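The following exercises concern a ligand site and a pocket. Please study the sequence and the structure before reading each solution.

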Amino acid sequence: MADVKLSEVHKYYGNVHAVRGVDLTIADGEFAVLVGPSGCGKSTLLRTIAGLEDPDGGTISIGGAVVNDLRPRERNIAMVFQNYALYPYLTVNENIAFGLRARKTPEIEIRKRVSEAADMLGIGNLLQRYPRQLSGGQRQRVAIGRAIVRKADLFLFDEPLSNLDAQLRDEMRTEIKRLHHEITTTMIYVTHDQVEAMTLADRIVLLRDGEIEQQGAPLELFEQP
Ligand code: ADP
Ligand code: ADP
């Protein structure tokens, strides 16, 4: 587990000031949802935490250590994307195991972790299939499985459900919530969907034009006057 602390983080794309001095602390084990309209900087902020973008100012700490100079691989994070990013020529089993193999994890440990993750996600019967033989919901489960087996300190989700139809979205939302209860890792989740934010978050962080407009528990934030 790991807390996350951003201090005065800035990011520019040319003239576009995408992230404007964000200060944010996320506690160990907390489920934080970054929400806000398209273009407000959610994804940029998440990718900065992941190390996929370099901030132009400020510091980012994970578990008390400044990670600005660490590559994504060195940050002990796991990330789930909207587009699944599965390898089409690898089976489900090989897709889930990929990150562990790349890190030279012993095969016996890989088998154990893959089977645990597959059980947790109800995809134990799909391990020999290829991504094209799966539904969208099943693919997203595989993508989450790939993150689980890493036993990372921090889970980052970038709009993971926006390619799914409404019913599957509901189902996967429940699944992700259950997963957080089960593994109690810090999670940061980006969405533009307020319902998703309300149901998943311990804390909602509302972004607007690259700045934090408001943050708080879901009921604090969206309480009707
Ligand atoms: P959100 O995730 O909230 O939709 P983004 O973080 O993707 O917002 O984008 C924030 C701002 O930065 C937007 O104005 C977007 O156009 C711009 N932006 C994002 N990525 C890039 C990029 N690679 N190059 C140039 N501009 C970008
Ligand atoms: P994994 O163990 O899941 O294969 P790696 O650590 O090998 O992940 O990947 C290096 C970094 O690249 C990770 O931070 C991961 O989140 C990121 N990454 C993986 N797939 C994508 C993608 N489709 N788009 C952007 N970044 C990605």
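**Exercise 1.** Which atom of ligand 1 lies 2.8 Å from a backbone N or O atom of S43?

*Solution.* The model is predicted: local features need pLDDT of at least 70, side-chain atom pairs count only at pLDDT 80 or more, and totals for chains, interfaces and linings use all residues. Residues are numbered from 1 along each chain as its sequence is written, chains are lettered from A and ligands numbered from 1 in the order in which they are written, and side-chain values use heavy atoms, without hydrogens and water.

Step 1. The partner of the S43 backbone atom, at 2.8 Å, is an oxygen atom of ligand 1.

Step 2. A backbone N or O atom of G39 lies 2.7 Å from an oxygen atom of the ligand, and a polar backbone atom of G41 is 3.0 Å from a ligand oxygen.

**Exercise 2.** Identify the element that gives the largest share of the shell around ligand 1.

*Solution.* Step 1. The residues around the ligand (a heavy atom within 4 Å) include Y13, P37 and K42.

Step 2. Among helices (DSSP H or I, at least four residues) and strands (E, at least two), β2 (16-26) and α1 (42-50) each give two or more residues.

Step 3. The largest share, three residues, comes from α1.

**Exercise 3.** Describe the largest pocket.

*Solution.* Step 1. A pocket is an open set of points on a 1 Å grid over the protein atoms alone, where a 1.4 Å probe fits, with protein on both sides within 12 Å along at least five of seven lines; lining residues have an atom within 4 Å of a point.

Step 2. The volume, the space filled by probe spheres set on the points, is about 520 Å³.

Step 3. Of the 18 lining residues, M79, F81, R103, R146 and R150 lie nearest the centre.

Definitions and conventions
Polar contact = N/O pair within 3.5 Å; in protein donor to acceptor, adjacent residues only side chain to side chain.
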